[in-house]
Each structure stands twice: as C-alpha cells, then as structure tokens.
Amino acid sequence: MSDPSAKLRARIVELARTQDPYAHVFAGKEFRRDYVAARTIAWSALFGDIRQTTGRVLEIGSKEGRSALFWLEFFASAHLTCVDLFENDDAGRFDRNLAAYGARLRKMVSTSIKALGILREENAVFDFIYVDGSHQRDDVMIDCLGAWRLLRAGGVMLMDDYTWKPDNPDAERVAPAVDTFLAWHEDAEVILRSHQVAVRKRPA
C-alpha cells in the first residue's frame with residue numbers, strides 16, 4: 001500500500017513549485033530530492049528584514065545544494081559556508097549545482113563538530129545560520145551550541161525538522177535538542193516555532 005502522507009507531501013511540493021518565485025534558480029540543476037520549494041515563500045517573508053544586512057551565512061547540512069542555492073540568491077551579497085560530509089553522489093551534484101558562485105562559497109567536507117571547531121579558531125562570525133545536519137538529538141545539540149557561539153548579536157539561527165518523526169525515541173529526534181537549547185539560552189528570541197524553529201540572538 002502506498003503511503004498517503006508521502007503522496008500528500010509530493011502534492012504540496014508540486015503546488016509550491018508552481019508558486020515559487022525562486023523556481024528559476026533551481027532550473028537545470030541536478031537534484032534527487034526537494035525539501036526547499038515548499039519553504040521559499042515562508043523564508044522570504046520571515047527573513048526579509050535581514051536580507052540586505054546579511055553578509056555571512058553558515059549552513060550545516062547541504063547535501064546537493066538546493067537550500068544553499070536559495071541562500072546565495074536570497075542573501076545576494078552574502079558569502080556562504082557549507083558544512084557536510086557530502087557522501088555518495090552528493091559531492092558531485094553540489095559542486096555542479098553551485099559552480100557559478102565561485103568566491104562566494106566555501107565548502108567544508110567535514111563532520112559538523114570538527115568544522116565548527118575550525119570556524120571557532122578562525123574567529124568566524126555569521127549573520128545567519130541554518131542547522132539542518134544530523135537528526136540525532138546529541139548531534140543536533142552539538143550543532144546548535146557550536147553554531148550559536150559563531151552567531152553575532154542580532155543574528156538569526158534557523159533549525160530544521162523540529163517536528164520530524166515525533167514517535168521516535170528522544171535520542172533519535174531533533175525536538176528534544178532544540179527544546180533544551182532554548183531552555184539554556186534566554187538570549188534566544190523565538191521568531192518561529194513550527195516544523196522549523198528560528199531564533200534571533202539578543203545582545204548580551
């Protein structure tokens with residue numbers, strides 16, 4: 001029996017693509033999956049106020065580069081750092097999909113914990129961070145904590161898949177890590193809590 005939820009998701013993505021003002025950005029690129037088309041309109045509205053002031057973006061979890069393409073187009077003057085293991089065929093597709101962006105892009109083939117350590121040693125500071133790597137609670141916690149230290153005051157961090165697989169054990173879900181992170185950080189102002197959670201870093 002086919003999965004009704006999968007059919008519904010496919011239909012939502014199909015409808016989203018017809019309304020996506022960024023559809024041209026993805027045209028002619030190589031993708032096996034699409035987790036972005038249904039989000040571009042919401043992202044555009046939510047992050048419109050920081051669009052012109054965002055100069056440095058960090059993405060943890062890039063896969064084939066679909067979300068990276070969006071950030072580079074939406075934050076048109078920003079430099080993007082992408083962290084991923086880029087396993088299997090993802091590396092080649094990512095490179096081909098992002099080839100046109102040249103010096104605006106840094107690709108770090110690494111575990112997130114190692115990459116975050118390197119960026120910390122470099123005194124890197126980011127205006128916007130997208131956390132979309134591992135879905136294991138402990139990994140997500142490490143990513144959130146490490147990324148938060150790299151986010152400037154007033155910057156925004158977006159965490160994906162907050163409602164992912166709610167019936168999984170806590171150790172295999174994103175939500176417990178995000179909830180704990182928020183409980184520990186009074187300086188994190190929640191501006192979105194849905195399937196994704198977005199927070200703005202309050203000044204110290």
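Two strands count as paired when DSSP finds at least two bridges between them. The model shown in these views is predicted.

**View 1. Strand S7 pairs with S6 in the antiparallel sense.** Strand S6 covers residues 188–193, and 5 bridges join it to S7. Leucine 192 stands opposite alanine 198 of S7. The two strands, S6 and S7, make a hairpin, with 3 residues between them.

**View 2. Strand S7 also pairs with S5.** S5 spans residues 151–159. Its pairing with S7 is antiparallel and runs over 4 bridges. Methionine 159 has valine 197 of S7 as its bridge partner. S7 itself comprises residues 197–201, and 4 of these 5 residues are buried, so the strand is largely enclosed by the rest of the structure.

**View 3. Helices H7 and H8 cross at roughly 35°.** H7 holds residues 137–148, and H8 holds residues 175–184. Their axes come within 8 Å. The crossing of H7 past H8 is right-handed. On the H7 side, the contact involves Arg137, Val140, Met141, Cys144, Leu145 and Trp148. H8 contributes Pro176, Ala177, Val178, Thr180, Phe181 and Trp184. Sorted by class, the H7 contact with H8 has 10 nonpolar, 1 polar and 1 charged residues.

**View 4. Helix H5 has buried residues that line one face.** H5 runs over residues 90–97. Its buried residues are Asp90, Ala91, Arg93, Phe94 and Asn97. Seen down the axis of H5, these residues fall within an arc of 170°, so they line one face of the helix. The cover over them includes helix H4 (66–74), strand S2 (79–84) and strand S3 (105–109).

**View 5. Helix H6 has a buried side and, turned away from it, a face with exposed residues.** H6 spans residues 112–121, with Ser112, Ala115, Leu116 and Leu119 buried. These four cover an arc of only 100° around the axis, which puts them on the same side of H6. In general, an α-helix has 3.6 residues a turn, so residues three or four places apart point the same way. The face of H6 turned away from the buried side carries the exposed residues Ile113, Lys114 and Glu121. Among the elements that cover the buried residues of H6 are strand S1 (56–60), S2, S3, strand S4 (126–131) and H7. Asparagine 123 follows H6 and has a positive phi, near 60°.

Conventions: Residues are numbered from 1 along each chain as its sequence is written. This is a predicted model: local features need pLDDT of at least 70, side-chain atom pairs count only at pLDDT 80 or more; totals for chains, interfaces and linings use all residues. Side-chain values use heavy atoms; hydrogens and water are left out. Axes are lines fitted to C-alpha atoms, for helices over the stretch in contact, and angles run from 0 to 180 degrees between N-to-C directions. A crossing is left-handed if the near helix is turned anticlockwise from the far one by less than a right angle, and right-handed if clockwise. Contact means heavy atoms within 4.5 Å. Ala, Val, Leu, Ile, Met, Phe, Trp, Tyr, Cys and Pro count as nonpolar, Asp, Glu, Lys and Arg as charged, and the others, Gly among them, as polar. Buried means under 20% relative accessible area, exposed over 50%, partly exposed in between (1.4 Å probe, protein chains only). The arc is that of the directions from the helix axis to the C-beta atoms.
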